[in-house]
Amino acid sequence: MNRGTQTKLREITSKLSEILEQDTDEQVMVFTDDRTLKELCGQINLLLLDRQRMKAEFRKQEIASKKMLSNISHDIKTPLTVILGYLEIMRLHDCEDVALQKVEAKAKQVMELIDQFFTLAKLEAGDKNIEMVKININELCRENVLGYYDLLMQKDYAVDIMIPEQHIFVQGDEDSVNRILGNLLSNAIRYGSDGKYIGLFLREELDFVYIDVVDKGKGIEPQFAASVFERLYTMEDSRNRSIQGNGLGLTIARNLARQMGGDLLLQSEPGVRTVFTVKLRRYPNR
């Protein structure tokens with residue numbers, strides 16, 4: 001093999017590696033009179049075209065699946081809403097039947113799960129309306145903590161709150177931020193009960209604002225840290241009915257944070273300190 005052919009092969013190899021690493025839709029181009037090299041490039045480009053078609057079909061099927069899940073969730077939610085309505089009417093008419101109360105409680109659990117599926121399906125299909133506005137994050141943090149204040153006092157938690165007096169503004173959707181904070185605070189109470197501690201710390205940097213929700217419970221082992229954001233993943237403790245979760249809350253919370261241009265991060269030292277951090281874009285000063 002002559003030196004010119006070797007050089008062209010290296011060019012082909014380098015370009016192919018670049019296309020695969022960067023996941024682009026380019027093709028391999030080589031300028032040569034060598035018939036064998038031309039045929040090689042032709043076969044490589046046919047494979048790349050097949051790959052592009054497979055990617056496009058996968059994306060199409062993925063969007064269709066998410067749309068289907070959204071529609072199914074909606075179709076199940078409608079009759080369940082009617083059932084809950086009738087159960088509430090019966091309860092309001094002084095029906096104290098224990099079995100009825102259990103049915104109503106279970107129906108509400110199913111309704112909550114379907115609502116979570118519906119929300120996640122809409123988020124992943126891009127159908128969720130995220131309205132980006134200027135938010136006073138100090139006030140939002142205070143309101144969310146106050147919502148759990150009575151429960152924390154009943155459970156004899158030590159509460160540590162650090163929210164600056166100076167107003168800090170973020171870009172975000174208020175309902176989404178409330179949902180994220182509500183999920184993190186309820187999880188800290190549910191899974192961090194051993195430590196009897198909850199903390200919320202608001203801090204800011206140049207372009208981003210951070211909200212740390214801290215507990216001192218059992219924590220999360222390093223091998224499970226990435227998995228807690230996966231759909232339907234629940235920790236071992238979730239088998240205990242008193243602290244049961246459905247495995248969708250953190251998935252939704254991270255998805256919402258990322259759609260607002262931020263993120264949801266985790267650091268945990270089991271038995272010492274677990275920190276979920278909401279990262280949000282700071283509102284630009286103009």
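**Exercise 1. Find how strands β5 and β7 pair, and name the partner of Asp212 in β7.**

Solution. Step 1: β5 and β7 (residues 273-281) are paired antiparallel over eight bridges. Strands here are DSSP runs of E with at least two residues, and helices are runs of H or I with at least four, numbered from the N terminus. Two strands count as paired if DSSP finds at least two bridges between them.
Step 2: the bridge partner of Asp212 in β7 is Thr277.

The model is predicted: local features need pLDDT of at least 70, side-chain atom pairs count only at pLDDT 80 or more, and totals for chains, interfaces and linings use all residues. Residues are numbered from 1 along each chain as its sequence is written, and side-chain values use heavy atoms, with hydrogens and water left out.

**Exercise 2. Describe the link between β4 and β5.**

Solution. Step 1: β4 (residues 197-204) runs antiparallel to β5, and seven bridges join them.
Step 2: Leu202 has Ile211 of β5 as its bridge partner.
Step 3: three residues lie between the two strands, which form a hairpin.

**Exercise 3. Place the strands in the sheet and say why β2 and β6 each have one side without a neighbour.**

Solution. Step 1: the open sheet has five strands, ordered β2-β4-β5-β7-β6, with mixed pairing.
Step 2: β2 and β6 (263-269) are at the edges and have a single partner strand each, so one side of each lacks a neighbour in the sheet.
Step 3: from one strand to the next, the twist averages 15 degrees.
Step 4: β2 and β4 run parallel and are joined by five bridges; Ile161 has Leu200 of β4 as its bridge partner.

**Exercise 4. Are the two faces of β5 buried or exposed?**

Solution. Step 1: buried means under 20% relative accessible area, exposed over 50%, and partly exposed in between (1.4 Å probe, protein chains only).
Step 2: in β5 (residues 208-215), eight of eight residues are buried.
Step 3: one side carries Phe208, Tyr210, Asp212 and Val214, the other Val209, Ile211, Val213 and Asp215, and all are buried.

**Exercise 5. Locate Leu146 and say why it counts as exposed.**

Solution. Step 1: Leu146 is in helix α4 (residues 137-147).
Step 2: Leu146 counts as exposed because its relative accessibility is 61%.
Step 3: α4 lies across β2, β4, β5 and β7, and runs at about 175 degrees to β4. Such angles run from 0 to 180 degrees between N-to-C directions, with axes fitted to C-alpha atoms, for helices over the stretch in contact; contact means heavy atoms within 4.5 Å.
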